[in-house]
Amino acid sequence: MSALLEFAAVIVGVVLPLVSGVQVLSMKPSKLDCDALLAYWISFSLLLPVELFLGSFLRWVPFYSYFRVALLFWLYSPLTRGSQMVCDSLMQQVGDKLDILLETIDHVLRLLHLDMALGYEQEKLASEQCPSTES
């Protein structure tokens with residue numbers, strides 16, 4: 001029974017989204033289709049590390065295999081739009097913090113670039129003022 005549930009999890013969690021992705025790429029995809037698939041793969045990739053680190057513990061939780069298949073179906077299904085709910089919630093919580101982080105990184109990079117540019121100009125001026133005394 002466990003092997004059957006693992007097989008169902010692979011079919012629902014990987015094969016169906018993969019087939020949908022290939023179909024979307026082979027036709028002219030709409031933004032909604034692309035967003036839905038991207039949201040699914042983001043949600044799926046968040047689930048993988050959890051299972052990697054907690055997998056041996058989760059196997060002992062009663063009905064975990066059933067819950068896993070149901071969760072993967074909920075994330076993938078266009079009817080439930082579970083993955084879009086997960087991504088929307090994640091973006092609300094992380095979005096503002098990510099904007100602040102990106103602005104800080106941009107500011108630091110601009111300062112570093114300015115320091116590098118100033119250092120280059122100072123070296124150039126020094127080399128022009130002190131001609132070499134080679135004869």
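**Exercise 1.** In this predicted model, classify F44 as buried or exposed, then find its ring partner W41 and name the geometry of the pair.

*Solution.* Step 1: F44 has a relative accessible area of 13%. The limit for buried is under 20%, so F44 is buried.
Step 2: W41 has a relative accessible area of 30% and is therefore partly exposed.
Step 3: Both residues belong to helix α2, three residues apart, about one turn of the helix.
Step 4: The ring centres of W41 and F44 are 5.6 Å apart and the planes stand at 85°. Planes over 60 degrees apart count as edge-to-face, so this pair is edge-to-face.
Step 5: Ring pairs also join W41 and F44 to Y40 and Y76 in a cluster.

**Exercise 2.** Which helices supply at least two residues each to the largest nonpolar core?

*Solution.* Step 1: The core has nine residues, including L5, Y40, F44 and L72.
Step 2: α1 (2-26), α2 (31-58) and α3 (64-76) each supply at least two of them.
Step 3: Beyond four places in sequence, L72 touches A9, V12, G13, Y40, F44 and L47.

**Exercise 3.** S83 and I105 both lie in helix α4; assign each to buried, partly exposed or exposed.

*Solution.* Step 1: S83 has 4% relative accessibility, so S83 is buried. Leaving aside neighbours within four places in sequence, its contacts are A36, A39, Y40, S43, W74 and L75.
Step 2: I105, at a relative accessible area of 39%, is partly exposed.
Step 3: I105 helps make a nonpolar surface patch of about 650 Å², with L101, L102 and L109 among the other members.

How values were computed:
Residues are numbered from 1 along each chain as its sequence is written. This is a predicted model: local features need pLDDT of at least 70, side-chain atom pairs count only at pLDDT 80 or more; totals for chains, interfaces and linings use all residues. Side-chain values use heavy atoms; hydrogens and water are left out. A nonpolar core is a set of buried Ala, Val, Leu, Ile, Met, Phe, Trp, Tyr and Cys residues joined through side-chain atoms within 4.5 Å. Buried means under 20% relative accessible area, exposed over 50%, partly exposed in between (1.4 Å probe, protein chains only). Helices (H or I, at least four residues) and strands (E, at least two) are DSSP runs, numbered from the N terminus. Contact means heavy atoms within 4.5 Å. Patches are made of residues with over 30% relative accessible area and no salt bridge: like charges are joined within 9 Å, nonpolar side chains (Val, Leu, Ile, Met, Phe, Trp, Tyr) within 5 Å. Accessible areas come from the Shrake-Rupley method with a 1.4 Å probe; for residues, only the protein chains shown count as cover. A salt bridge is a side-chain nitrogen of Lys or Arg within 4 Å of a carboxyl oxygen of Asp or Glu. Rings of Phe, Tyr and Trp (its six-membered ring) pair if their centres lie within 6.5 Å; planes under 30 degrees apart count as stacked, over 60 as edge-to-face and the rest as tilted.
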